[in-house]
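Let's take a friendly walk through a protein model, one piece at a time. Keep the picture open while you read.

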Amino acid sequence: MAHKLPPLRFGYDALEPYIDAETMELHHDKHHKAYVDNLNKALEPYPQLAELTVEDLLHRLDQVPETIRTAVRNNGGGHVNHQFFWDILRPRGDGAPKGTIADAIKRDFGSFEQFQSLFTDAATRHFGAGWAFLVVNPSRHRLEIVSLPNQDSVLVHGTPGLLCCDVWEHAYYLKYRNRRPDYLGAWWKVIAWDVVDERLRDVMAATSPAETAGGARPSVTGVPIL
C-alpha cells in the first residue's frame, strides 16, 4: 500500500503573517509530496515493505535492502519530518509551554527563555539544509536540542522527537529571503505547545525509567522486513 501525503489540518493562509500562504502551499504540496512520491518509487521493487509504516522503516533502517537504504533514509525522513513539522504548528500558537513540557524544559534548561535562546541558536547556526529538534535522550531521560542534516530523522537515532523546526530554505525563503533568524522569530509564534506536551507525555507513558536507562527504542511492529 503506497504511502500518502496527509492533508494539512489548516488552510495555507492560516499561519499568516508569520508563515505565508504561498510558502505553505509550495512546502506541503510540492516539497513534502516529492518525498512521499520518491519513497513510494524506491519501495516499488520490494512489495513486502508495504506492510511497514514509514516510522518502522526508519527505526529498522539497517534491515532495509542496501540498494534502497539511502533513498528510504532521505525520502522517508523527509516524509516523517514534514508531518512532524505540520503537527506542531497551529494558527495563533500557545505562546509559551505549559504543563509537563514546561516543567521538563525548566528542569533541563533552567527556563523557557534559556531553552528558546539555545534552540534558536542551534537552528540559526545549522550549516546548510536540515532540522533542529527537541528530543528525549533515551539514555539520560533528559531533553536535548539536536540538529540533523538534510532529511535525517530522529527516529533513525532512537531519540523520540517533541519539537522540530525546518531550516531548509524552502521553508522560509519566499518571505524571509536569507534572513533565517527572522523566520525563526516568527516560527515561535505558531507552535502548538499542547501537541508538544502530549508528545512528551506519550513518551513518558510508553517508556519506563528502566527501559529509558537502557537506551531502548520505542517498539515497532513485528513484521519481518526481509
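## Buried or exposed?

One bit of vocabulary comes up a lot here: a residue is called buried when its relative accessible area is under 20%, exposed when that value is over 50%, and partly exposed in between. Try it on Arg-125: at 65% relative accessibility, Arg-125 counts as exposed. Asp-121 comes out at 35%, so Asp-121 is partly exposed. Also keep in mind that you're looking at a predicted model.

## The sheet

Start with the strands. Three of them, in the order β2-β1-β3, make an open sheet with antiparallel pairing. The edges are β2 and β3, each of which pairs on one side only. Going from one strand to the next, the twist averages 20°. If you're new to sheets, it helps to know that strands pair through backbone hydrogen bonds, either parallel or antiparallel.

Now for the pairings themselves. Strand β1 (residues 130-137) and strand β2 (residues 142-149) are joined antiparallel over 8 bridges. To see one of these partnerships, find Trp-131, whose bridge partner in β2 is Leu-148. β1 also pairs with strand β3 (residues 161-166), again in the antiparallel sense, over 5 bridges. There, Ala-132 has Cys-165 as its bridge partner, and Leu-134 stands opposite Leu-163.

## Strand β1 from both sides

How many of the 8 residues of β1 are buried? The count is 8 of the 8, so β1 is largely enclosed by the rest of the structure. You can check this face by face. On one side sit Gly-130, Ala-132, Leu-134 and Val-136, and on the other Trp-131, Phe-133, Val-135 and Asn-137, all of them buried.

A helix is part of the scene too: α4 (residues 99-109) lies across β1, β2 and β3. The direction of α4 is at about 85° to β2.

## Loops and unusual backbone spots

β1 and β2 form a hairpin, with 4 residues between the two strands. In that loop you'll find His-141, whose phi is near 55°, a positive value in a residue other than glycine. His-141 has 36% relative accessibility, so it counts as partly exposed.

Asn-150 has a similar story to tell. Look for Asn-150 in the loop between β2 and β3; its phi is positive at about 55°, although Asn-150 is not a glycine. At 43% relative accessibility, Asn-150 is partly exposed. One more backbone detail sits elsewhere: the peptide bond from Glu-16 to Pro-17 is cis, with omega near 0°. Pro-17 belongs to the segment before α1 (21-43).

## Two helices packed together

Two packed helices are described by the angle between their axes and the distance between the axes. Here, helix α5 (residues 112-125) and helix α7 (residues 180-187) pack at an angle of about 140°, and their axes are 10 Å apart. Their crossing is right-handed.

Which residues of α5 and α7 make the contact? From α5 come Phe-119, Thr-120, Ala-123 and Thr-124, and from α7 come Arg-180, Pro-181, Leu-184 and Trp-187. Sorted by class, that contact has 5 nonpolar, 2 polar and 1 charged residues.

## Salt bridges

Across the whole structure, a search turns up 11 salt bridges. One of them joins Lys-33 and Asp-37, with the closest N and O atoms 2.8 Å apart. Those two residues are 4 apart in helix α1, which means that about one helical turn separates Lys-33 from Asp-37. Lys-33 is partly exposed, with a relative accessible area of 38%, and Asp-37 is partly exposed as well, at 37%.

Helix α5 has a pair like this too. Asp-121 forms a salt bridge with Arg-125, and the closest N and O atoms are 2.7 Å apart. Both residues lie in α5, 4 residues apart, about one turn of the helix. Elsewhere, the side chains of Arg-140 and Glu-144 meet in a salt bridge at 2.9 Å, N to O; Glu-144 is partly exposed at 22% relative accessibility. To finish, look for Arg-90, Asp-94 and Asp-194, which are linked in a network of salt bridges.

Notes
Residues are numbered from 1 along each chain as its sequence is written. This is a predicted model: local features need pLDDT of at least 70, side-chain atom pairs count only at pLDDT 80 or more; totals for chains, interfaces and linings use all residues. Side-chain values use heavy atoms; hydrogens and water are left out. Buried means under 20% relative accessible area, exposed over 50%, partly exposed in between (1.4 Å probe, protein chains only). Two strands pair if DSSP finds at least two bridges between them. Axes are lines fitted to C-alpha atoms, for helices over the stretch in contact, and angles run from 0 to 180 degrees between N-to-C directions. A crossing is left-handed if the near helix is turned anticlockwise from the far one by less than a right angle, and right-handed if clockwise. Contact means heavy atoms within 4.5 Å. Ala, Val, Leu, Ile, Met, Phe, Trp, Tyr, Cys and Pro count as nonpolar, Asp, Glu, Lys and Arg as charged, and the others, Gly among them, as polar. A salt bridge is a side-chain nitrogen of Lys or Arg within 4 Å of a carboxyl oxygen of Asp or Glu.
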